[in-house]
Amino acid sequence: MEVKKIVLTEDEMPRQWYNILADIKMNPPLGPDGQPVKPEALAPVFPMNLIEQEVSPDRWIDIPEDVLNVLSIWRPSPLVRARALEKFLDTPARIYFKNEGVSPPGSHKPNTAVPQAYYNKVFGIEKMTTETGAGQWGSALSFACSQFGIECKVFMVRVSFDQKPYRKSMMEVWGGKCVASPSTETNAGRNALEKDPDTPGSLGIAISEAIEAAVSDESGKTRYSLGSVLNHVMLHQTIVGLEAKKQLEKIGEYPDVVIACAGGGSNFAGLAFPFVYDKINGKNIDIYPYEPAACPTMTKAPFVYDHGDTARYTPLLPMHSLGHAFVPPPIHAGGLRYHGMSPAVSQLVNEGIIEAKSATQLEAYKAGVIFARTEGFIPAPETNHALAGVIDAAKKAKEEAKEKVILFNWSGHGLIDLTAYDKYFAGELYDFVLTDAEMSESEKVFENFPKPQMIKSR
């Protein structure tokens, strides 16, 4: 029988994370005074042990044993050869996917939720607040907090709160409290509702609410948690790519193409950064983050200093951004509806180390259905964007008659997203493409902000 699934034992699980900050240079985050933010200024928002990871220059960072014990509930995750998809596409490419849908919440998100909950616990934190788009991050943090005995509160973007009610149910099963954002519980939420009572919400608004809820707790025992964008989140996710490397080595393979969807950057970074390290050191490899055409941060938006949230509570971050006030169209890939991109991922785009691409909502769902009908698993709407890229890469390999190896991150299952599939089959999903006028209007918010330098790492 042909090998379909490549697995690692628990003993083969990576014991260290890869920190890309050791190998690239970046503009620093800036405070209200326009000066680089000092680590201690972040202390009301994050525990100091995570702040230390955020700014660490060390290439390899040890994974604590207590974190490994929880990760081992589902890790190492399988690497799967998508032979049925290859046959359907009639491509000479060999396609492999890292199945991150095997985690308890069904996505890659617990890879950072677990260490974040752990570091908050050892720092003495009793409650964590966060935002969530599609609900995958809120589910993951609720799960992680339940493992370490921490209270969890989640502000969920309203359009996804309405579209995906069972994500809220998952959070509640794990003890998390979920509220629709914008809410009336925070100044940021009330301000957003005053401007537009019917707003679908955005990750930027939800982030503002979660940060406000954390820093306004007079007990000092609450901290905020972010599921993407920041360096320590990218760091924790690299266990995905490090495992994939080991699995491919077992069968004598190495990818020519690496693909993942990208909203804030976490699942893309998790798979891609260990291979970016190889590319920086001379490997010939194409690396593509795929984003929604409806929210084109990397493919259309400028590289600027901008806030990570709508109420401007965060420092100014150097990133590709559509503007912190941007409210994305209500596409069903809620995890990709973010106005900005991880500074580290943005830097790699700027340097040409990776090449950003986009897919429309209908292209993504078409790809997801093809995958489900060949490989069996029903993908999340976010994952469908990566699949659109995989199909394009496989077709290109056929046109060029090249036996390329394509590796992608199957970042989560779509079993909580079946309503969206119903709408797709009923012809009720549409493509949203931003006009130049909409882009120009959304970008006005950072016109007077400092401008980042175009840095080259080498």
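Start by selecting Asn191, Ala192, Lys195, Ile205 and Thr310: of the 17 residues lining the second largest pocket, these lie nearest its centre. On a 1 Å grid over the protein atoms alone, a pocket is an open set of points with protein on both sides within 12 Å along at least five of seven lines, a cavity is a set where a 1.4 Å probe fits but cannot get out, and lining residues have an atom within 4 Å of a point.

Before you go on, note that this is a predicted model, in which local features need pLDDT of at least 70 and side-chain atom pairs count only at pLDDT 80 or more, while totals for chains, interfaces and linings use all residues. Residues are numbered from 1 along each chain as its sequence is written, and side-chain values use heavy atoms, with hydrogens and water left out.

**Stop 1: the second largest pocket**

Keep that selection and add helix H8 (187-195) and H9, the elements that give two or more residues to this lining. Helices (H or I, at least four residues) and strands (E, at least two) are DSSP runs, numbered from the N terminus. H8 provides the largest share of the lining, four residues. The space in this pocket is about 360 Å³, where a volume is the space filled by probe spheres set on the grid points, and points are joined across faces, edges and corners. Colour the lining by class and you will find nine nonpolar, six polar and two charged residues. Here Ala, Val, Leu, Ile, Met, Phe, Trp, Tyr, Cys and Pro count as nonpolar, Asp, Glu, Lys and Arg as charged, and the others, Gly among them, as polar.

**Stop 2: the largest pocket**

Next, select Pro29, Val37, Leu42, Pro315 and Leu317, the closest to the centre of the largest pocket among its 48 lining residues. This pocket has a volume of about 960 Å³. Which elements should you show around it? At least two lining residues each come from H1, H9, helix H10 (231-237) and strand E13 (316-320), and H1 gives the most, with four residues. The lining divides into 34 nonpolar, nine polar and five charged residues.

**Stop 3: the largest cavity**

Now for enclosed space. Four cavities of 30 Å³ or more are counted, and the largest has a volume of about 320 Å³. Select Lys109, Leu203, Ser228, Gly264 and Gly335, which are the closest to its centre of the 27 residues that line it. E6, H5, helix H9 (203-215) and helix H12 (266-280) each give two or more residues to this lining. By class, the lining has ten nonpolar, 14 polar and three charged residues.

**Stop 4: strand E6 and its partners**

Select strand E6 (residues 127-132), where five of the six residues are buried; buried means under 20% relative accessible area, exposed over 50%, and partly exposed in between, with a 1.4 Å probe and protein chains only. E6 runs parallel to strand E7 (residues 151-157), joined to it by six bridges; two strands pair if DSSP finds at least two bridges between them. Zoom in on Thr132, which stands opposite Met156 in E7. Then trace the chain from E6 through helix H5 (residues 136-148) to E7: this β-α-β crossover is right-handed, meaning that with the strands pointing away from the viewer, the path from the first strand over the helix to the second runs clockwise. E6 also pairs in the parallel sense with strand E9 (residues 222-224), over three bridges. In that pairing, Thr129 stands opposite Tyr224.

**Stop 5: a mixed sheet**

Show the seven strands that form an open sheet with mixed pairing, in the order E1-E4-E5-E15-E10-E11-E14. Strand E1 (5-6) and strand E14 (357-359) stand at the edges with a single partner strand each, so one side of each is left without a neighbour in the sheet. E1 runs antiparallel to strand E4 (residues 79-81), with two bridges between them. Select Lys5 to see Val80 of E4 opposite.

**Stop 6: two single residues**

Is Asn19 buried or exposed? Asn19 counts as buried because its relative accessibility is 3%. Look for it in the loop between strand E2 (16-18) and helix H1 (48-55). Leaving out residues up to four places away in sequence, Asn19 touches Ser56, Pro57, Asp58, Arg59, Ile61 and Leu235; contact means heavy atoms within 4.5 Å.

Finish at Leu387 in helix H15 (residues 381-400), which is buried at 1% relative accessibility. With the same sequence neighbours left out, Leu387 touches Ala367, Gly368, Phe371, Pro379 and Phe408. For a last distance, pick the C-alpha atoms of Leu387 and Gln453: they are separated by 34 Å, and the residues are 66 apart along the chain.
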